[in-house]
Number of protein chains: 2
Amino acid sequence: MEQLSVTRVFEGDLHRYQHSSSSTSTDMVFAIYLPPQAKNHPVPVIYWLSGLTCTDENFTQKAGAFKMAAQLGLAIVCPDTSPRGLDLPGEHDSYDFGSGAGFYVDATQSPWSDHYRMYSYVVEELPALIEGSFAVSGKKAISGHSMGGHGALVIFLRNPGAYTSVSAFSPIVHPTVVPWGQKAFQNYLGDDKSQWDNYDATLLVQQSKVSDPILIDQGSSDSFLEEQLQPDHFKAACAKANVPLTLNLRAGYDHSYYFISSFIDNHLEFHARKLTG
Amino acid sequence: MEQLSVTRVFEGDLHRYQHSSSSTSTDMVFAIYLPPQAKNHPVPVIYWLSGLTCTDENFTQKAGAFKMAAQLGLAIVCPDTSPRGLDLPGEHDSYDFGSGAGFYVDATQSPWSDHYRMYSYVVEELPALIEGSFAVSGKKAISGHSMGGHGALVIFLRNPGAYTSVSAFSPIVHPTVVPWGQKAFQNYLGDDKSQWDNYDATLLVQQSKVSDPILIDQGSSDSFLEEQLQPDHFKAACAKANVPLTLNLRAGYDHSYYFISSFIDNHLEFHARKLTG
């Protein structure tokens with residue numbers, strides 16, 4: 001691991017590292033915020049998964065989360081959203097597929113399957129690296145935005161017991177039926193749509209035994225709400241499966257980090273109840 | 001005025017506008033955050049002046065200021081840091097002069113004097129526009145970062161009574177003796193160094209009758225501290241002039257918006273005591 005920078009924030013430290021990833025066979029960059037409490041004892045971790053076009057820096061620069069993280073004693077880890085430094089055919093042609101748009105899946109289709117393995121990276125490789133390298137406890141939660149909200153819900157649902165809680169902002173809850181998800185899954189996972197179901201939170205939650213509440217915030221003025229996000233699918237699936245869901249529809253808010261910043265403290269407090277309780 | 005966007009943040013609204021400026025003879029863009037209280041009564045305004053290379057967006061995206069602004073009922077206005085859309089000789093050649101580096105002066109030297117009139121823009125034109133267009137009271141304070149900290153201190157000191165309070169992060173307090181200031185003032189103001197003194201906070205404060213505290217935060221690990229910032233000059237001048245100064249040297253913090261975000265709430269509370277008291 002190579003340290004790219006360390007920056008004091010709210011008496012804690014924001015680190016950026018680059019490392020050679022066995023999951024993606026590329027270098028990967030991630031950020032970790034260590035709150036001041038980490039100087040004295042291991043702290044729990046929230047993994048934050050960003051949305052389309054983002055890197056590790058969108059959340060760290062724009063979410064305004066570190067005041068509350070420092071207060072609650074939470075580390076926050078922000079991975080990148082895809083492998084970088086490649087030049088696969090079509091990889092850089094669109095904002096919603098390829099670079100910056102890994103969709104937190106393990107691709108099975110050529111040429112993506114050699115590198116676009118963000119599911120394994122986030123679920124296995126990154127936590128092992130974090131827990132082996134920093135003053136963190138084994139306790140972890142997961143959250144994210146849009147494509148990253150999809151990733152957080154899927155990873156939580158597929159790994160019972162690994163994360164104490166999950167939350168999401170403006171998540172893509174049902175990717176198999178919306179354009180963003182269909183485009184990505186067709187290219188990364190191929191024609192066999194049964195493989196797509198493993199990455200669809202609305203389908204996964206119906207087979208889950210989740211008993212603790214899931215938290216979702218969604219802006220009512222989000223321009224992607226009707227075509228790409230459709231949280232009512234997830235709401236109906238949770239109701240069917242008796243999974244407790246708090247879905248806050250926030251009047252007038254859009255899809256941006258201004259929306260996230262307005263409610264991130266609520267999400268951190270939600271996770272802290274389980275992580276530090 | 002043309003509205004470029006409006007975004008809900010912490011139950012208030014962040015607006016961006018473009019307008020034709022009589023000061024700069026160009027279009028200018030500014031942002032204004034109106035807290036939720038502005039729906040019910042006029043609110044006071046903090047003017048925020050950004051640093052080198054910045055636009056109106058650095059503060060709005062990265063400072064994490066809107067939670068406290070919403071709580072305290074403060075509007076925040078963020079102008080751009082220079083005229084835009086010109087192509088004067090050498091204007092875009094360096095990060096510390098020309099575009100993004102107006103230094104909040106009224107240039108007297110050709111070709112800058114026709115457009116680089118950020119002092120008049122910030123002191124006269126912008127407040128008149130804001131007060132004529134939005135639900136704001138006449139009360140205003142001023143703050144800023146680096147080049148913008150210089151601008152805030154100079155504007156406060158040259159306009160007694162116009163602003164209820166001033167604060168700054170990592171300000172260029174004595175531009176006439178440091179490379180950033182000397183380069184800018186030589187080009188904008190010419191060879192007659194007596195003209196430079198009108199824009200030097202360390203010189204101006206010695207002729208002032210300020211009786212309320214000035215607040216400055218400075219990171220101890222700021223890479224520009226020794227060569228460009230040198231807050232001890234301002235501290236000595238304040239002591240000589242019996243001007244009360246709170247100068248917080250913050251251990252380990254750098255020059256970035258991560259530093260600003262860590263202490264912006266203190267600054268908003270400092271200004272609110274005068275603005276809403």
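**Exercise 1.** In this predicted model, determine how Arg16(A) and Asp56(A) are paired and which parts of chain A the pair links.

*Solution.*
Step 1. The criterion for a salt bridge is a side-chain nitrogen of Lys or Arg within 4 Å of a carboxyl oxygen of Asp or Glu. The closest N and O atoms of Arg16(A) and Asp56(A) are 2.8 Å apart, and the two residues form a salt bridge.
Step 2. Arg16(A) belongs to strand 2 (residues 12-21) of chain A, while Asp56(A) sits in the loop between strand 4 (43-49) and helix 1. With these positions 40 residues apart, the pair links distant parts of the chain.
Step 3. Asp56(A) has a relative accessible area of 2%; buried means under 20%, so Asp56(A) is buried.
Step 4. Arg16(A) and Asp56(A) also belong to a network of salt bridges that includes Glu57(A).

**Exercise 2.** Find the corresponding pair in chain B and state where its residues lie.

*Solution.*
Step 1. Asp56(B) and Arg16(B) form a salt bridge, with the closest N and O atoms 2.8 Å apart.
Step 2. Asp56(B) is in the loop between strand 4 (43-49) and helix 1 (57-62) of chain B, and Arg16(B) is in strand 2 (residues 12-20).
Step 3. At a relative accessible area of 2%, Asp56(B) is buried.

**Exercise 3.** Establish what the salt bridge of Asp265(A) and Lys67(B) joins, and classify the accessibility of each partner.

*Solution.*
Step 1. The side chains of Asp265(A) and Lys67(B) meet at 2.4 Å, N to O.
Step 2. Asp265(A) lies in helix 9 of chain A and Lys67(B) in helix 2 (residues 66-72) of chain B, so the pair joins two chains.
Step 3. Asp265(A) is buried at 12% relative accessibility, whereas Lys67(B) is partly exposed at 36%.
Step 4. Two salt bridges are found across the interface of chain A and chain B; the count over all chains is 18.

**Exercise 4.** Characterise the interface of chain A and chain B, then the relation between the two copies.

*Solution.*
Step 1. Chain A contributes 22 residues to the contact and chain B contributes 21. The chains bury about 1,800 Å² between them, 49% of it on carbon and sulfur atoms.
Step 2. There are 12 residue pairs in polar contact between the chains. On the side of chain A that touches chain B, strand 1 (2-9), helix 1 (57-62), helix 2 (66-72) and helix 9 (257-275) each supply at least two residues. Helix 9 provides the largest share, five residues.
Step 3. That side of chain A comprises nine nonpolar, seven polar and six charged residues.
Step 4. A turn of 180 degrees and a shift of 0.0 Å along the axis lay chain A on chain B with an RMSD of 0.0 Å. This is the relation of a two-fold axis.
Step 5. Of the interface residues of chain A, 95% are also interface residues in chain B, so the copies meet through the same surface.

Methods. Residues are numbered from 1 along each chain as its sequence is written. Chains are lettered from A and ligands numbered from 1 in the order in which they are written. This is a predicted model: local features need pLDDT of at least 70, side-chain atom pairs count only at pLDDT 80 or more; totals for chains, interfaces and linings use all residues. Side-chain values use heavy atoms; hydrogens and water are left out. Contact means heavy atoms within 4.5 Å. Buried area is the accessible area (1.4 Å probe) that two parts lose on being put together, summed over both. A polar contact is a pair of N or O atoms within 3.5 Å; within protein, one must be able to donate a hydrogen and the other to accept it, and residues adjacent in sequence count only if both atoms are side-chain atoms. Helices (H or I, at least four residues) and strands (E, at least two) are DSSP runs, numbered from the N terminus. Ala, Val, Leu, Ile, Met, Phe, Trp, Tyr, Cys and Pro count as nonpolar, Asp, Glu, Lys and Arg as charged, and the others, Gly among them, as polar. Copies are superposed by least squares on the C-alpha atoms of residues with pLDDT of at least 70 in both. Buried means under 20% relative accessible area, exposed over 50%, partly exposed in between (1.4 Å probe, protein chains only).
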